[in-house]
Structures are given as structure tokens and as C-alpha cells.
Amino acid sequence: MTPFSLSNAGARRVFMDRHGLVETPQGAAHGSDLLALIKRLGFVQLDSINTVARAHDMILFSRKPRYRPKSLTQLYERDRALFEHWTHDAAVVPMAFYPYWHMRRERDAALLKSRWKDWRREGFEAQFQTVLDMIRERGPVSSSQVGEGEKRGSGGWWDWHPSKTALEYLWRTGALAVVKRKGFQKYYDLTERVIDQTAMGNAPDTEETIDWCCREALDRLGFATHGELAAFWAHITPAEAKQWCAEALAAGRIIQVNITGVDGVERPAYAWPDLPDCPTQTIDPTSRLRVLSPFDPALRDRKRAERLFGFEYRIEIFVPEPKRKYGYYVFPLLEGDRLVGRIDMKAFRADDTLRVRALWPEPGVRWGKGRQRALESELDRMLRLAGVSALSFDNNWLRDPP
């Protein structure tokens, strides 16, 4: 049977629908409504950079403009409807998914102990019991509250003292849970005091976990290669995902499809059998212009975004300033099913101003009065999230593509 071919326009619409970007951004953004959005996305990546707002806040705001950070804090810290752990990076995840992190924690236990002996300072394993005893007695602690007398590093992201490494290891492997962040610093408590015993004891086996990871990833991607399925949660290996695809295809649970890229080339992928009849293929996304986080789920796989949208994006925070093509932290701009530009802006809170320093329309995109009004409307909506009340544009802010 010849595989079903999905046009580039159809592929964009399906992909955007799975990421909550087809409908007009609106609706309640707290409690069960916010939790439903996070479940739809699967997880929300956490990031500390706050040039306008932190990545997790922008991800949620771009879909629900009534969102405010305190709503996420309440779900996470008060309601315990979310837990924090790793996917491809640190993220908040619906608590209902907690059992499917059991295999990840077991695998991390072996991997990190070996890897961190080379990457971290020696002696972190000797601090396990000391750290656990302290938390049992005192309650939640941060890394600054443990390891008294241990040599501190330069303050770099990965220059940890032994007790900090012990905290991270015990968290990644399940003995500890992160219960809150204060100033973006994690606070750790005993898992038994945080996670419901049912979730802790109901551990799926490896086969069940692989099946869950692949099914849930395919739901959220719409179509995918086995490598993309493996990368979504970053729990399983590409080989495990490949085997799952082969078995699911043979059993008729999934189908092979050809996805048309922006370059007109068809590339093979897997999908659920109902994809050919999916109505989203023909539904026009909202035309409202919105700002996306560089860590938005729709852009997390840079290669996939480039194939589907023709949008090449690289984060440049680690690139020396003279070598940057755009800027330190540049936000993509989405309009309909197109990424139409990227904007360099920053909230100068001491001046109470969100300042646009530069904007680069994508090649072939005309930046006329209509788009400018749409941009200003979107930035006005963002002012409260950014914690400022005024908007300004630098001289010569509108640039030609490099």
C-alpha cells in the first residue's frame, strides 16, 4: 500500500494543533484549565533566563494570555498537580505521569553515578546519607543550605560542591523530590513526603514504559520518526522506539506516512491510522501574531521546525557577542502557520519599559502597518507578564535579514 502523503500546509496544521497553536489564544489559565494545557503539551520546560519572562511562563502565556506565573506556582507547590524532573531538560510534568518516570530514575541511577565521577568533584556519594538525614530533620533545603565547609566553585552552572551533586543525584534517582523554586533555586524534600504512595508504588515495567512513551509522544507530535518519538520524553533509546514502531506497524496500530517539507521533499514518518481523515489538515490557524519562547515545544526540535516551516533557529546565548547572527535571546514570531520573524527585546524593569532592540522579518515577509499593529497589540498584552508598563522601540529597530 502506498503511504499517505501529507502536504506541507497540512503537516503544519496538524503539528500546530498538537501544540495548542491553531486556535485563538484565550480562555481561563489557572487550576484545571492550566493543568489541561500542560497535559496537552506533555510537559513544560523550565528555564531561568528572564529577559522578558521565563521560558515556561512564555510557553503558557502564548496559548493562554490570561496566564500569570502564580497559577503555575499554585499547581506545582500547593496542589501538587505537577512534579519536576527531566525530559530533555528540567521540566514540570503532570503528576498523573509520575509512574512513567520510574525507568528514567533507574537508568539515571547507573548513568549519573558513572558520569558524574568524571564531571563533578569527588566525594558526592559520601554525602548521600548526610543530606538525607538533614532533610528528614529540617524539611526542604536548597543547595546553599547543605555542604557547610565544602569548597564552593566559581558559580558556574555545573561547578557543584559535593553536597549539591548529592542533592541532584538523589532527586534524579527518586529519593528526593523538588517541592518549590525560590529565585529559581530548587528546594528538595524526601519523596515519601511529597509524592502520593500510589504513584510511587505503581511502577510500570520497561515494556509498558516504552509503549507509553511512544504512544504519548505520537499523540503530541501528530507524526514522527522513531528518533523523534524517542527524543520527545528522552526516556527511551532510538533502538527501543524503532522496535516499538516496527511492532506497532506490523500489528496495524500505526501507519507509514510521507510528510512534505517546506522544500517539497517527502520524508517518511509514522502516524495513527486516523491521520488521513484528521480535520485539522484543512483548518486555518488563527492569524493572530504571537511571540514564542525559544524553548517552545513547537521549536524544541530545531531540525523539525526547519523542515516544516523553513525557519532556521539557533539559540545564541553561548555565542560570543561579535559572532552572533541575531542576538543573545531572540524570540520567534508566529503568524497563522508561518514563522514570520524574530525579535530581540528585553524588559528593563528599573525603567518600567519593554524595549524592542531589533526585529528581523523572515525573507519574503513584508513588515507593513498591519503587522506592526498586530505586533504592538501582542507586546501590549505581554507587558504585565514582563512586569513593566511601557513599550518602546530603539532607533533602527527594523532590520533586514542577515
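In this predicted model, Val291 has Leu333 in S10 as its bridge partner. Strands S9 and S10 (residues 330–335) run antiparallel and are joined by 2 bridges. Both belong to an open sheet of 5 strands with mixed pairing, arranged in the order S9-S10-S11-S12-S13. Strand S9 (290–291) and strand S13 (390–393) form the edges, each pairing on one side only. In general, the strands of a sheet pair through backbone hydrogen bonds, in either parallel or antiparallel fashion.

A helix pair provides a further packing element. Helix H9 (residues 206–221) packs against helix H11 (residues 238–250) at an angle of about 80°, and their axes are 10 Å apart. Because angles of 65 to 115 degrees count as roughly perpendicular, H9 and H11 are roughly perpendicular to each other. On the H9 side the contact involves Ile210, Asp211, Cys214 and Arg215, which meet Glu240, Ala241 and Trp244 in H11. This contact of H9 with H11 comprises 4 nonpolar and 3 charged residues, with no polar ones.

The second largest pocket encloses about 340 Å³ of space. Its lining consists of 22 residues, and Arg54, His56, Asp57, Thr73 and Phe184 lie nearest the centre of the pocket. Helix H4 provides the largest share of this lining, 5 residues. The elements that each supply at least two lining residues are tabulated below.

| Element | Residue range |
|---|---|
| Helix H3 | residues 55–61 |
| Helix H4 | residues 69–78 |
| Strand S5 | residues 176–182 |
| Helix H13 | residues 369–386 |

By class, the lining of the second largest pocket has 11 nonpolar, 5 polar and 6 charged residues.

Key. Residues numbered from 1 in each chain as written. Predicted model: local features only at pLDDT ≥ 70, side-chain atom pairs only at ≥ 80, totals over all residues. Heavy atoms only, no water. Axes fitted to C-alpha atoms, helices over the stretch in contact; angles between N-to-C directions. Helix = DSSP H or I, 4+ residues; strand = E, 2+ residues; numbered from the N terminus. Parallel < 35°, antiparallel > 145°, perpendicular 65-115°, else oblique. Contact = heavy atoms within 4.5 Å. Nonpolar A, V, L, I, M, F, W, Y, C, P; charged D, E, K, R; others polar. 1 Å grid on protein atoms, 1.4 Å probe; cavity = no way out; pocket = protein on both sides within 12 Å on 5 of 7 lines; lining within 4 Å. Points joined across faces, edges and corners; volume = space filled by probe spheres on them. Pairing = 2+ DSSP bridges.
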